[in-house]
Amino acid sequence: TRSTGHGVYAVFLVYEGLYAVHPDDHLDRMRSSAALLGQPFPRSNTWLREACRRAVSASGIAAPRIRITVPHDNPECAIIAVEPFTPPPAHFYSEGVAVGLVQHARVFARAKDSRFTESRAELFRDQPTDVYEVMLYNIAGEILEGASSNFYGIMDGVLCTADEGVLAGIARSMLLKAATQVLPVRLKPINITDLPYLSEAMMTSSTR
């Protein structure tokens, strides 16, 4: 963000054939984030998608990770970073990862604002070195979300996740839609006191 400036942004994967999963959902969330922050967002999804398509084609990377930023001080433009994507190690999925807990609640949690990413490293400052992600909880002990992910816990056979005070991830919306076909879903946060009683816990993000 120091090189792109402050702005609303999206990060997603582009697959071979220039295919992305729900790209308009990512762009619509950028637009709603700008509105929440009182910032203009003049460009259409069609314009932004074409800009991304040109950037990926010019990069020569077959299946990259892409970050698109619309700067607050120049919303007519889009800054697009394209880089090779390396997925998390397979054992992260089979064995799980270590997470920490930090009391922290974002002021504009619904906005995907690059200014939060600059302060995100501070959330890990006092964590053990093996911590992969930190979960943010509020003063009531309710787990809201991860520093760069959404959080879910299964307790008494019910999938629970916070709905207020969180950035509603694109992967989250896909998961919740599918989960209702499998088990009950409750849009209610897990409290840190509930952690010993969870049968499962997980996180989602569009690039993981």
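**Exercise 1. Find which residue lies over the face of tyrosine 9, and at what distance from the ring centre.**

Step 1: Get the criterion straight: a charge sits over a ring if NZ of Lys or CZ of Arg is within 6 Å of the ring centre and within 35 degrees of the ring normal.
Step 2: Look above tyrosine 9, and you'll meet arginine 67, at 4.0 Å from the ring centre.
Step 3: There's another case to look up: the charged end of arginine 43 sits over the ring of tryptophan 47, 4.0 Å from its centre.

A word on the ground rules: this is a predicted model, where local features need pLDDT of at least 70 and side-chain atom pairs count only at pLDDT 80 or more, while totals for chains, interfaces and linings use all residues. Numbering runs from 1 along each chain as its sequence is written, and side-chain values use heavy atoms, with hydrogens and water left out.

**Exercise 2. Work out how strand β1 pairs with strand β2, and whether β1 is enclosed or not.**

Step 1: Strands here are DSSP runs (E, at least two residues), helices are H or I runs of at least four, and both are numbered from the N terminus.
Step 2: Two strands pair if DSSP finds at least two bridges between them. β1 and β2 (residues 64-71) have 7 bridges, in the antiparallel sense.
Step 3: For a spot check, take alanine 10, which stands opposite isoleucine 68 in β2.
Step 4: Now burial: buried means under 20% relative accessible area, exposed over 50%, and partly exposed in between (1.4 Å probe, protein chains only). In β1 (residues 7-13), 7 of the 7 residues are buried, so the strand is largely enclosed by the rest of the structure.

**Exercise 3. Classify the aromatic pairs.**

Step 1: Rings of Phe, Tyr and Trp (its six-membered ring) pair if their centres lie within 6.5 Å; planes under 30 degrees apart are stacked, over 60 edge-to-face, and the rest tilted.
Step 2: The structure holds 2 such pairs. With centres 6.3 Å apart and planes at 40 degrees, tyrosine 15 and tyrosine 19 make a tilted pair.
Step 3: Phenylalanine 92 and tyrosine 132 come out edge-to-face, because their planes are at 70 degrees, with centres 5.0 Å apart.
Step 4: Phenylalanine 92 is in helix α3 (residues 90-95) and tyrosine 132 in strand β5 (residues 131-137), so this pair ties together parts 40 residues apart in sequence.
Step 5: Phenylalanine 92 is partly exposed, at 25% relative accessibility, and tyrosine 132 is partly exposed too, at 28%.
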